Amino acid sequence: MDLSSLKPAAGSTKTAKRIGRGPGSGLGGTSTRGHKGAKSRSGYSKKIGFEGGQMPIQRRLPKFGFKNINRVEYKAINVDLLQQMAEANKLTKIDLQTLIDAGFISKNQNVKILGNGTISVKLEVEAHAFSKKAEELIQAVGGTVVKL
């Protein structure tokens with residue numbers, strides 16, 4: 001036995017259809033394309049979204065909505081969460097890295113501190129944005145607000 005005697009298993013391969021090679025092949029004439037119409041012609045290619053002449057879905061459905069390219073997305077964090085973090089970890093400063101390490105934000109998210117809840121610990125808080133109420137609550141207990 002050697003490499004020249006190797007063959008595929010019996011019945012595992014088929015011979016290719018030789019289309020358009022005359023009437024003797026049984027696949028001459030229309031070459032399996034049927035009679036007339038765009039699909040029988042050479043060079044035919046269907047446009048993306050073409051539905052056989054039916055009004056395509058992207059033209060049937062109305063235009064909808066608006067995406068503001070200047071929108072800035074913020075991850076909202078409430079003052080009561082800062083209070084809990086400060087009590088649990090004995091913190092005096094809460095910055096982005098502290099929030100990332102705690103798992104509240106990912107490293108490329110912007111943070112906005114909101115004023116839901118109460119705060120009694122003096123904290124230095126760093127964030128991208130603050131609501132007026134949050135800023136007032138933090139400063140009322142002697143804390144500082146740092147906008148990045």
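Where does Thr32 lie? In this predicted model, Thr32 lies in the segment before α1, and the close-up views below begin there.

**View 1. Ser31 and Thr32, two residues with positive phi in the segment before α1.** Ser31 is placed in the segment that comes before α1, a helix of residues 57-60, and has a positive phi of about 55° although it is not a glycine. Thr32, which lies in the segment before α1 as well, has a phi near 65°, again a positive value in a residue other than glycine. Most residues other than glycine have a negative phi. Ser31 has a relative accessible area of 18% and therefore counts as buried, the limit being under 20%.

**View 2. The open sheet of three strands, in the order β1-β3-β5.** The pairing in this sheet is parallel, and its edge strands are β1 (74-78) and β5 (129-130), each of which pairs on one side only. Strands of a sheet pair through backbone hydrogen bonds, either parallel or antiparallel. Strand β3, made up of residues 110-114, pairs with β5 in the parallel sense over two bridges, and Ile113 stands opposite Phe130 in β5. Helix α2 packs on the sheet, where it touches β1 and β3, and the direction of α2 makes about 65° with that of β1.

**View 3. Gln83, a buried residue of helix α2.** Gln83 is found in helix α2, which spans residues 79-89, and it counts as buried because its relative accessibility is 9%. A polar atom of the Gln83 side chain lies 2.7 Å from the backbone nitrogen of Ser120. Leaving aside its neighbours within four places in sequence, Gln83 is in contact with Thr118, Ile119, Ser120 and Val121, so that Ser120 appears both in this list of contacts and in the polar pair, Gln83 being buried at 9%.

**View 4. The largest nonpolar core, with 20 residues.** Ile77, Leu82, Val111, Ile113 and Ile138 touch the most other members of this core. At least two residues each are supplied by α2, α3 (96-102), β3, β4 (124-127) and α4 (132-140), and α2 gives the most, with five residues.

**View 5. Ile138 and its contacts.** Ile138, one of the core residues that touch the most other members, is in contact with Leu82, Ile113, Ile119, Leu123, Val125, Phe130, Gly143, Thr144 and Val145, once its neighbours within four places in sequence are left aside. Among these contacts are Ile113 and Phe130, the pair that stand opposite each other, with Phe130 in β5.

Notes. Residues numbered from 1 in each chain as written. Predicted model: local features only at pLDDT ≥ 70, side-chain atom pairs only at ≥ 80, totals over all residues. Heavy atoms only, no water. Helix = DSSP H or I, 4+ residues; strand = E, 2+ residues; numbered from the N terminus. Buried < 20%, exposed > 50% of the residue type's maximum accessible area, 1.4 Å probe, protein only. Polar contact = N/O pair within 3.5 Å; in protein donor to acceptor, adjacent residues only side chain to side chain. Contact = heavy atoms within 4.5 Å. Pairing = 2+ DSSP bridges. Axes fitted to C-alpha atoms, helices over the stretch in contact; angles between N-to-C directions. Core = buried A, V, L, I, M, F, W, Y, C linked by side-chain atoms within 4.5 Å.
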